Amino acid sequence: MGTAITVAGCGGGTNDGTASAPSGSAPAAQQPASTEPAATTADPPTAFDAGAGAGAGLPAEALRANVAGSVVSTFTTLRDRTAYIITPTALNAVDVLTGRQKWTVAVAGKPGDPYNQSTPFVNETGPRPPAVGDKLAVGAVPVLMPEQGTTPSYITLSVVAADKETGTKAWQADIKVSDDQYADAGNAVTQVVAVTDKAVVASYSQDEDHVTAALDPATGKTLWQRKDYVAGSLHGDVLVGTDFNVPENSSMTQATALDLLTGQQKWIGARESYGLTMVQADPALVVANRTDYGSGHSFLLFLDPATGAEKAKIEGARGFGSQAYGDCLYDQQSVLTCEEDGVLTGYDAKTAAKLWSLPDQATNRVAPSVTVAWHGALYGKTQGGQPIVLDAKTGKDLSTENVGAAPVLVSEYAGIGADQDGAPKAYPVKK
């Protein structure tokens, strides 16, 4: 069984004055600097250095923040001390302790949606953060293939893979997503769902066009592809996603499980859904954020990956005004934390058992806003706007003083967030 690395969240100049290649350029891969600063590490961190002069500026394309300084979109995956950033034209790697660009790999072709990442608003569309495996960093963007003679132009899901350490380009795969010569990729969502030693899985979704492809990790060759399907989560060799091809009703969706290597259907679940997305969580359970087609009620479903059988169901908002259960974050270890209608709840990611919930009137505790979960810790802000760290298993306060920052990405080396001007910044771990 391959080890699955699934995503949790661009190139350009850095904010500390260090020069870097433009997003669309592709210089030879650069090796990391031989002299690296000493680093404080913690797993998980409970405080970050956000003092004057501390932290490294990151490329502007790493994330987007609104006028209030809150991060609304991220295009970055953080692994150890490296930020992997996807832009419409390139896959980049940046050292978060120095802000220096380690390498950049260009995406061949004309961007299909070149301005999607430039908006300061909540970005429900666009490229999702790259996926990083044991050897490869992989990103996906839409590309416009130009017409050639009497062959009209068309849109592709373009997947680019590079050696995660050196930036050597491994391959680029271009999967045609539409036969409509007038189609464009405006507001498309592209995502690399998983990287394993058996397959790289990527998806494209826009309006009526939904495509998922499984690619050979060594060559980028297509193993299989499926239309009207958006991959969501990987469970060993079982891939589960949102299926838009429901013969009974074209307005419905359902959860469909496929074999990772062959694309053959294994089971169907969460039938008669109006809205359905898979939540990245522990491979032991399929977690689906579902809206019921008939009632409009929202639910969080926990399904058996082998059979699709329902293991647990949590009801959220009632009525047709709700489109989803809420927002859920997996700590990459054992806890899934979900916020729904102002209530923050921790669940055992392997069993779906409820662990704790906030607000808690009995102890006079309120729910903070959570920005990221990582390795048993929840990071966010209090109602007064102060950074805080909670214990993911118990929901209790873990660190409340001098936390320094409320990051949206965390590793043992740093936390990435937006500075007071809304620019991307990596804050080194303090303790």
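## A look around the predicted model

I85 sits in strand β6, which spans residues 82–86; strands here are DSSP E runs of at least two residues, numbered from the N terminus. Please keep in mind that this is a predicted model, in which local features need pLDDT of at least 70 and side-chain atom pairs count only at pLDDT 80 or more, while totals for chains, interfaces and linings use all residues. Residues are numbered from 1 along each chain as its sequence is written, and side-chain values use heavy atoms, with hydrogens and water left out.

Back to I85: its relative accessibility is 0%, so I85 counts as buried (buried means under 20% relative accessible area, exposed over 50% and partly exposed in between, with a 1.4 Å probe and protein chains only). Its C-alpha atom is 6.8 Å from that of P129, although 44 residues separate the two along the chain.

### The disulfide

With a disulfide taken as a pair of cysteine sulfur atoms within 2.5 Å, the count is one. The bond links C328 and C338, with an S to S distance of 2.1 Å. The torsion about the S-S bond of C328 and C338 is about 110°, so this disulfide is right-handed. Because C328 belongs to strand β26 and C338 to strand β27, the pair ties together parts that are ten residues apart in sequence. Here are the two partners side by side:

| Cysteine | Strand | Relative accessible area |
|---|---|---|
| C328 | β26 (residues 327–330) | 17%, buried |
| C338 | β27 (residues 335–340) | 1%, buried |

### A hairpin

Strands β13 (residues 154–163) and β14 (residues 169–176) pair in the antiparallel sense over seven bridges; pairing requires at least two DSSP bridges between two strands. Within this pairing, L157 stands opposite I175 of β14. The two strands, β13 and β14, form a hairpin with five residues between them, and G167 in the turn has a positive phi of about 80°.

### The largest cavity

A cavity is a set of points, on a 1 Å grid over the protein atoms alone, where a 1.4 Å probe fits but cannot get out; lining residues have an atom within 4 Å of a point. The largest cavity holds about 60 Å³ of space, a volume being the space filled by probe spheres set on points joined across faces, edges and corners. Which residues line the largest cavity? They are P88, D113, N116, Q117, G126, P127, V141, P142 and A188. Strands β10 (126–127) and β12 (136–145) each supply at least two residues of this lining.

Technical notes. Helix = DSSP H or I, 4+ residues; strand = E, 2+ residues; numbered from the N terminus. 1 Å grid on protein atoms, 1.4 Å probe; cavity = no way out; pocket = protein on both sides within 12 Å on 5 of 7 lines; lining within 4 Å.
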